[in-house]
Amino acid sequence: MPRSRPLVAGLAVAVVATIATAAPASAHDKLISSDPASGQTLAEAPSAVSLTFSADVLDMGAAVVVSDDGGTDWVSAAPMVDGPTVTAALDPGMADTGYEIRWRVVSSDGHPISGVVPFAVGDGKPADAAEGTGSGGDGGGVSVPDTAGAPDAGADARSSTQSSTQTQIAQEGEVPWRVVLVGAGGAAVAVALLALVQFLRRRSDAGGADGPGDDPGSSETV
Amino acid sequence: MPAPGTGAGSGRGGMTGSTRRQFLLGGAVAGVGAATAIGADHALNTTPSTEEASVPLNGQETVPFHGTHQAGIDTDAQAHGLFVALDLLDTTDRDDLARMMRILTDDAARLTQGSPALADSEPELALSPARLTVTFGFGPRFVARAQGEAPGWLKALPSFTVDRLLPEFSDGDVLLQIAADDPLTVAHAARMLLKDARSFASVRWSQQGFRRAHGSVRPGTTMRNLFGQVDGTSNPAPGTADFDQVVWNGEGWLAGGTSAVVRRIGMDLDKWDRLDRGGREQAVGRFLSNGAPLTGTNEFDEPDFEATTPIGFPVIPEFSHVRRARSENPAERIFRRGYNYDDRPAGGAVSRSGLIFVSFQADVARQFVPVQTRLDQLDLLNEWTVPIGSAVFVIPPGCSEDGFVGDTLLTGKQAPQ
Amino acid sequence: MNNQLTIRQSKTQSKTMTASTSTRLGALLAAAALALAGCGTTVGATDGGADGSASSAGQSVAIADGWVKAAGSGMSAAFGGLTNSGSGDVTVVSATTEASSMLELHETVENEAGEMIMREIEGGFVIPAGDTLSLEPGGNHIMLMDLTDPLEAGEEVAFTLTFSDESTYEFTVPVKDYSGANENYVGGDPEPEMGDADAGADGTGTEG
């Protein structure tokens with residue numbers, strides 16, 4: 001009993017730590033504002049969208065998509081990076097409906113980050129922010145470091161810490177079976193090899209010095 | 001692969017060593033069960049017999065010197081690599097070059113096989129070759145002095161915008177790539193060769209590099225650089241037709257040779273420290289854990305550049321190193337065989353480290369330059385790396401026992417077939 | 001993968017196979033008979049014996065790992081392992097080469113002060129049957145007293161040894177750059193300097 005309490009406490013700490021580190025690392029730049037803002041409904045179609053980050057982002061890898069419900073991208077030209085601000089011009093003729101600004105930039109520390117900012121035009125309704133993760137408190141939308149996960153490896157936004165944790169869990173879950181299978185297979189092969197080795201040894205002991213070990217091309221040749 | 005166990009009792013350390021190593025490797029791959037069986041094998045054979053009384057020493061392992069190609073290119077990379085560039089003396093003419101290469105070839109032929117060089121003043125240091133290889137390369141001026149026909153690509157690389165090249169790590173007339181699994185072996189071989197070269201040339205630069213020590217990881221394991229990245233996954237495998245096509249040149253006196261690009265790449269580890277794991281993986285496009293592409297699970301999985309994140313951006317960013325280094329053109333491939341370096345820190349920093357990037361390819365202009373041009377234009381990894389040295393050499397073919405490295409250039413001798 | 005040439009002489013092969021744990025330097029030198037591989041060096045024997053015996057000294061002796069020290073002018077020295085594979089002792093009484101107008105056979109001995117000095121050997125080098133005489137810096141060597149031309153690294157120099165039975169043995173060795181082997185020879189004047197010790201300090205002016 002006296003032992004289990006520290007253990008439980010330790011687990012609790014570990015869980016808390018995991019949750020804590022699962023939040024977006026503060027080293028990356030954050031989206032601090034956007035135009036339109038997250039959830040905003042505009043009376044008229046905008047001619048451009050702009051995103052402002054907490055620091056100058058790299059003039060590399062910035063990508064912005066403004067997508068309507070049907071998946072049409074209304075961005076008309078490659079986004080412009082100016083210090084902390086990324087601007088993307090839009091095609092005219094956007095209908096009254098909900099849109100998403102999907103963005104990705106490389107933050108000043110070299111870390112790619114991405115996110116979604118919903119907005120609407122006219123009597124359209126903004127699309128829901130991505131569900132269940134993150135907070136909209138970064139000035140709107142969801143802003144997370146891009147994950148290094150497989151594309152189908154989970155829902156929307158995860159931190160890389162979560163991602164790698166999940167990966168590890170998945171691998172550990174596999175290991176016992178693989179060990180058993182590989183071990184069994186290996187044992188079978190090895191036993192066969194062992195028999196062969198014994199057989200060859202006996203034969204070469206009997207047969208004298210004609211072993212195949214003199215093959216000059218056996219290894220490490222030019 | 002010879003049958004396991006046939007090396008037992010052969011009495012020659014080198015062969016016994018390789019055979020046994022391959023057997024052990026096979027066992028490791030087979031897994032836990034195999035390890036048990038190896039134990040059984042060991043128990044069965046140690047009790048009555050006198051075989052395998054001693055553990056083979058990796059210091060006794062040798063790599064053949066003579067042959068169609070020079071060693072040290074398709075040789076599984078040794079733990080320690082030293083790269084030395086020489087400047088020819090103004091007085092060194094074509095005949096001198098032949099004399100120099102005769103002498104250096106003889107030194108290398110002996111030392112790589114575990115024999116002292118002629119006039120070796122520390123002959124005991126030669127007795128543990130530890131897979132020593134010596135690979136010779138020639139710079140543009142060497143070929144000009146030899147009055148030979150230089151391949152069009154034998155010249156300094158085009159200047160790239162990322163370059164901050166220092167003369168003390170660039171160019172040179174002769175390249176010596178000296179590599180072994182023992183640093184003392186490398187040092188002795190280098191000294192012997194440089195003593196014999198001093199009548200003809202002077203040292204221009206020298207770069208010392210390392211990988212994992214011998215025996216630390218399985219042979220053939222892709223190296224890691226000091227960023228922690230698995231570095232060299234997409235290399236063609238030595239011994240395959242693919243490798244032969246990427247690496248060996250077939251033209252004229254160069255038939256059986258290749259080219260070497262040696263670039264010193266400073267890596268800003270302090271800046272890299274500020275980037276978290278996910279960001280590091282995106283910069284490269286591979287997982288740090290095992291080098292698998294971000295769209296895969298195993299190191300050698302093919303990257304899927306079409307895969308996108310839930311909001312539509314590429315899982316492997318288009319600016320990641322692996323994406324940018326990959327060409328649609330299958331001809332634009334190279335074989336990398338680099339080494340890490342870790343210099344004494346200066347100026348208050350805690351590291352001054354990087355990579356001695358070494359690549360072999362049949363044609364620098366056709367294979368290397370397009371790749372580097374793409375990386376120069378866009379590669380997120382450029383945020384943490386800066387090329388500070390660069391040199392291009394032609395690597396002549398190997399030689400036969402009655403010839404010397406460079407004889408096809410210097411005497412018109414036919415390349416060994 | 002393995003396109004390695006197989007122009008291996010049996011003697012050379014014995015060299016490449018000696019990478020065993022138990023290898024000792026001496027064994028290496030002895031086993032490396034004719035191992036001047038890689039430089040196109042040729043080794044030839046001339047039978048100068050008159051008696052028609054199958055084993056004149058010139059036929060019994062072979063050099064391994066021979067070399068001669070590079071020098072611009074003046075003196076130099078030649079080294080290597082001379083192995084007598086015959087059944088009787090042989091004696092080298094003289095050596096000649098076009099590279100020097102005068103050669104001497106030198107030995108190293110201890111003088112009364114306990115210093116090692118070199119001097120011309122009386123009666124020549126005796127190589128017992130089955131034995132190897134090592135000519136090496138600081139030890140026995142063939143002294144080139146007066147070079148006719150500079151000896152440049154990588155050149156090859158032919159020597160002819162003459163034995164007490166008047167048979168001869170010719171061999172060719174490469175020239176090597178070498179800082180030691182500053183053997184000086186000061187005729188009968190008892191101020192000889194030996195070999196490699198302290199060579200850097202004062203030996204350069206008369207570098208062999």
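## A buried strand in chain B

A residue counts as buried when its relative accessible area is under 20%. With that cut-off in hand, we can start looking around this predicted model. Strand 9 of chain B, residues 385-395, is a good place to begin: ten of its eleven residues are buried, so the strand is largely enclosed by the rest of the structure.

Strand 9 of chain B has a partner in strand 5 of the same chain, which covers residues 258-267. The two run antiparallel and are joined over ten bridges. To find one spot along this pairing, look for Val261(B), which stands opposite Val392(B) of strand 9.

## A loop residue in chain B

Is Val315(B) buried or exposed? This residue sits in a loop of chain B, between helix 8 (277-284) and helix 9 (321-325). Val315(B) has a relative accessible area of 2%, and the cut-off for buried is under 20%, so Val315(B) is buried.

Thr295(B) is a useful landmark here. Along the chain, Thr295(B) and Val315(B) are 20 residues apart, while their C-alpha atoms are separated by 6.8 Å.

## The nonpolar cores

Which residues have the most contacts inside the largest nonpolar core? They are Met100(B), Met101(B), Phe136(B), Phe142(B), Ile178(B) and Leu410(B), in a core of 72 residues. Helix 3 of chain B, residues 94-112, gives the largest share of this core, with eight residues. A second core, separate from this one, has 31 residues, among them Ala70(C), Ala78(C), Leu105(C) and Leu147(C).

Back in chain B, Met101(B) is worth a closer look. Setting aside neighbours within four places in sequence, Met101(B) is in contact with three phenylalanines from one part of the chain, Phe136(B), Phe138(B) and Phe142(B). Its other contacts of this kind are Phe404(B), Val405(B) and Leu410(B).

## Chain C and its strand 2

Chain C has 208 residues, and 48% of them count as buried. Its secondary structure is made up of four helices and eleven strands. The accessible surface of chain C is about 9400 Å², with 47% of that area belonging to carbon and sulfur atoms. If we take the contacts in chain C between residues at least 6 apart in sequence, 68% of them link residues at least 24 apart.

Strand 2 of chain C, residues 61-69, has eight of its nine residues buried, so it is largely enclosed by the rest of the structure. Strand 2 of chain C pairs antiparallel with strand 3 (residues 76-84) over six bridges, and Val61(C) stands opposite Asn84(C) there. These two strands form a hairpin with six residues between them, and Gly74(C) in the turn has a positive phi of about 80°. Strand 2 of chain C also pairs with strand 11 (residues 168-176), in the parallel sense and over two bridges. In that pairing, Lys69(C) has Lys176(C) as its bridge partner.

## Chain A and its open sheet

Chain A has 222 residues, of which 36% are buried. Along the sequence its pattern reads α-β-β-β-β-β-β-β-β-β-α, giving two helices and nine strands. Its accessible surface comes to about 11800 Å², and carbon and sulfur atoms account for 60% of that. Of the contacts in chain A between residues at least 6 apart in sequence, 63% join residues at least 24 apart.

Four strands of chain A form an open sheet with antiparallel pairing, in the order 1-3-6-5. Strand 1 (31-35) and strand 5 (80-82) are its edges, each pairing on one side only. On average, neighbouring strands of the sheet are turned by 20° against each other, direction ignored. Strand 1 of chain A meets strand 3 (residues 48-53) in an antiparallel pairing over four bridges, where Ser33(A) has Thr52(A) as its bridge partner.

## Where to read with care

Where pLDDT is low, the predicted coordinates should not be read in detail. Chain B averages a pLDDT of 88, and 87% of the residues score at least 70. Its residues 1-50 stay under 50, and the model has 78 contacts beyond four places in sequence for them.

For chain C the mean pLDDT is 72, with 61% of its residues at 70 or more. Residues 1-53 of chain C fall below 50, and this stretch has 108 contacts in the model beyond near neighbours in sequence. Residues 186-208 of chain C are also below 50, with 34 such contacts.

How values were computed:
Residues are numbered from 1 along each chain as its sequence is written. Chains are lettered from A and ligands numbered from 1 in the order in which they are written. This is a predicted model: local features need pLDDT of at least 70, side-chain atom pairs count only at pLDDT 80 or more; totals for chains, interfaces and linings use all residues. Side-chain values use heavy atoms; hydrogens and water are left out. A nonpolar core is a set of buried Ala, Val, Leu, Ile, Met, Phe, Trp, Tyr and Cys residues joined through side-chain atoms within 4.5 Å. Buried means under 20% relative accessible area, exposed over 50%, partly exposed in between (1.4 Å probe, protein chains only). Contact means heavy atoms within 4.5 Å. pLDDT is the predictor's confidence in each residue, from 0 to 100. Accessible areas come from the Shrake-Rupley method with a 1.4 Å probe; for residues, only the protein chains shown count as cover. Two strands pair if DSSP finds at least two bridges between them. Axes are lines fitted to C-alpha atoms, for helices over the stretch in contact, and angles run from 0 to 180 degrees between N-to-C directions.
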